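Colleague: I would like to learn how to read a structure like this one, starting with the whole chain and ending with a single strand. Could we go through it step by step?

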Amino acid sequence: MLKPKADLQEDLNPQETSEWLEALDQIIDESGPDRAQYLLQAVQRRAALHGASPQPQITTPYVNTLPLEREVAYPGDREIERRIKAVVRWNALAMVVRANKYDPGIGGHIATYASSASLMEVGYNHFFRGSIGGQPGDLIYFQGHASPGMYSRAFVEGRLTTQHLENFRHELRDTPGLSSYPHPWLMKDFWQFPTVSMGLGPLNSIYQARFMRYLENRGLIAQTDRKIWAFLGDGETDEVESLGALTLPCREKLDNLIFVVNCNLQRLDGPVRGNGKIIQELEGVFRGAGWNVIKLIWGGQWDSLLARDTSGLLMKRMAECVDGEYQAYKAKDGAYVRREFFGKYPELLELVKDLSDTDLEQLRRGGHDPVKIYNAYKSAYEHRGGPTVILAKTVKGYGMGAAGEARNATHQQKKMDEDQLISFRNRFKVPISDDQATHCAFIKPEGQDLKYLEDRRAALGGPVPSRHPLPITVKSPPLEKFADALGGSQGRAVSTTMAFVRILTSLLKDPELGKLVIPIVPDEARTFGMESLFRQIGIYASQGQLYNPVDAEQFLFYHESKSGQILEEGITEAGSMGSFTAAGTSYANYGIPLIPFYIYYSMFGFQRVGDMAWAFADSRGKGFLLGATAGRTTLAGEGLQHQDGHSHVLASTVPTCAAYDPTFAYEIAVIIQDGIKRMYEQNEDLFYYLTVSNDDYVQPAMPAGVEQGIVKGIYRYKAAESGDPKALLFGSGAIFNEALKASEILQSKYGVATDVYSVTSYNELRRDALATERWNRLHPDQPVRKAYIEQVLSSSNLPIIAATDYMKIVPDQLAPWLTGRLVSLGTDGFGRSDNREHLRRHFEVDAASIVAATLSRLARDGKFDAGQARAAMAELGIQTESGDPARA
């Protein structure tokens, strides 16, 4: 019988244990660590068969993963690279200090790049490739707060000027300036990825790496050994997005992905894990997910100490200390380190007796040792079969000394006095005078140093980061291509979701555009009626389909393929948005102008991944978002959490998002055709959001001459049947049909004629009106221009009743240009589980409510008898004393 687990820690036969360990040492010496690892795994499997499986170990000792004997010699000129790094360090610091000296409070960050300079410079000199044999090079997600270091690097390479650095965080001056963080929208020739909204860089890099394999497996790009590098901070890993998708690159065997976590042990306010060890925690998380983990903890000066520590006490002491203590060891002097770290055990004091306090103070961490960094990067680069993470221990504010090294407030440090600047200059041997130092002068390498820098970048294929998209040659299809949508449904009831799927199918069959269309769905394809695409174009699976699907006998079986076109992401809107981002920016990163269509439950779009949508816009992304099962009263039965009544409000906050709420199939066709034309043919930096519903109704044929109105945002669908109209009815999406019913009731029961307008986009109408208003304000000497909404309604001053399945604030956007005429009906408040009839009555957007609102407004204007209006409400079943649905 096995003993209790507590007893398993007792060594009942030390001699036997010693023999086993000696045998293991011999195997490692004679056959290498790989053989030893294989034997240990074999022993574990055999032990498990006998019920003696050991407790799983998800962490390893608190030392470097790569032993000294596995290191290779550094390939570069260490001294030249040290001098270059010193210059880059200085410029990065001087940029921030100078900016705040002359413009107090402008901000900026010194400490993050100070901690990561060695990590970056080894990459720049030996790993980061600008291009590979004529193909695009590595894609690098830089740590956002380290941006001054990237600017400094570009400056010494000659890509940025002194004026650029002098205008750090001054983007609105007459001379060139630099954005605070990585923003492709602001520096479109420089940055590729916005990363400073922490967590998004790691998540997007994972889906970028998978998307690269997708493109390769589909034959859209050539296969290369290019890498995706993601640099992030240890504090950043608290963001759910940072670690939420770690299993994906392991399932997909993405050995093109390398994470480098800058473990400087500090977040913005204090320690990341003061009472623990963030490196050990992250090692467990990443190893548990299946990543290759390389711990880079100790610099080379520690190697001799570890070699001479025959007692094992040094490793024990390393394991005992928590991060709060390690932070203090760097914030204080060598005497403190001797007393508090080595002083716990007399044997350790003896180990360092020949080292001075200064020597102890200068013991480096792994993330500051170029040799250790190079070997970690090399190992990660050569690893096959899965992703790698490098956990590099550094010091936040490294080199800042009393100005902020390892201090809790160092993240906010933006200023340094003259003595601190000179001290920094001295520590890194920066070749500048005292006067240059105190005035934060910018410098460049010269002579052999400059040549070395230029040669290294040339050998690696050019500069990084760099964003230079190729010209896009995609042409929008003629509108006639969507003849089915334009001709209507011939009396059949069809939802706009199904209408969209048919348009998408038509695009997929196009000989020119088909291969560029990327359908993306988060495990709801059947809900949206897309199962026909499973067989037609297949679902992408990097390993193909290794099983016979349960529905294999059916015509529309679940078909996975290595060359599949659909990205079926599973239940992850964030992951789907990561793929949408990779596809929507592929024109810039791969030279392939892809057209992604990401369709999802509309409630779980902007509300759930709004930050990613903002970053997508920053990235100048292109593509179509489709919010399906849309509308607070149109998605029946699902209730409060699923019924979307505000995605158009959220969409309106993204400057490059053109949002539409179409009612009919032909409107969708016109909008998509216009979107492809604007985004790809005319190369506008924008993306589209369309809401589509699951409400089935007859789709009419497109009336003549409405195309411009559809894309601008409004057109008259139905004129008053008899006499001049007394009111205008606006409708959108599925609620447009309620407006049509209301128009009939008003005419037939109350003798009120109305014009009915389809409003496809309040957001676009408002933007046009704002732009027109601004022009008029700035050109008082010119004839007044009219906004499109004013042009459409120029001959009318009638009251307007606008009904929408979204919040009233959506139509309210147009109130300033409708001179007090607007009455908005919308779905403010929480959703309910019920059918459409009851939902629309509850939110007061059904036909009866539209009729009541119209009569009430006409009565207020003296155009309809108030008593008759009150009687009509009773006749229509309107509960005038019921509670406000916005508060219910």
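Colleague: What share of the contacts in the protein chain with a separation of 6 or more comes from residues 24 or more positions apart?

Modeller: Please keep in mind that this is a predicted model. In the protein chain, 77% of the contacts with a separation of 6 or more are between residues that lie 24 or more positions apart.

Colleague: Which radius of gyration does the protein chain have, and what would a compact globule have?

Modeller: A compact globule of 888 residues would have a radius of gyration near 29 Å, and because the protein chain has 32 Å, the two agree. Along the principal axes, the C-alpha atoms fill a box of roughly 105 × 75 × 55 Å, and 57% of the 888 residues are buried.

Colleague: How many helices and strands does the protein chain have?

Modeller: The protein chain has 36 helices and 22 strands, and one strand, β4, spans residues 228-233.

Colleague: Are the two faces of β4 covered or uncovered?

Modeller: The general idea is that side chains in a regular strand alternate between the two faces of the sheet. In β4, Ile228, Ala230 and Leu232 are buried on one side, while Trp229, Phe231 and Gly233 are buried on the other, so to speak a strand covered on both faces.

Colleague: Which strands are joined to β4 by bridges?

Modeller: Strand β3 (residues 139-141) runs parallel to β4 and is joined to it by three bridges, with Tyr141 paired to Ala230. Strand β5 (residues 257-263) is also parallel to β4, with six bridges between them, and there Phe231 has Val260 as its bridge partner.

Terms used:
Residues are numbered from 1 along each chain as its sequence is written. This is a predicted model: local features need pLDDT of at least 70, side-chain atom pairs count only at pLDDT 80 or more; totals for chains, interfaces and linings use all residues. Side-chain values use heavy atoms; hydrogens and water are left out. Helices (H or I, at least four residues) and strands (E, at least two) are DSSP runs, numbered from the N terminus. The radius of gyration is taken over C-alpha atoms; the globule rule is 2.2 Å times the number of residues to the power 0.38. Buried means under 20% relative accessible area, exposed over 50%, partly exposed in between (1.4 Å probe, protein chains only). Contact means heavy atoms within 4.5 Å. Two strands pair if DSSP finds at least two bridges between them.
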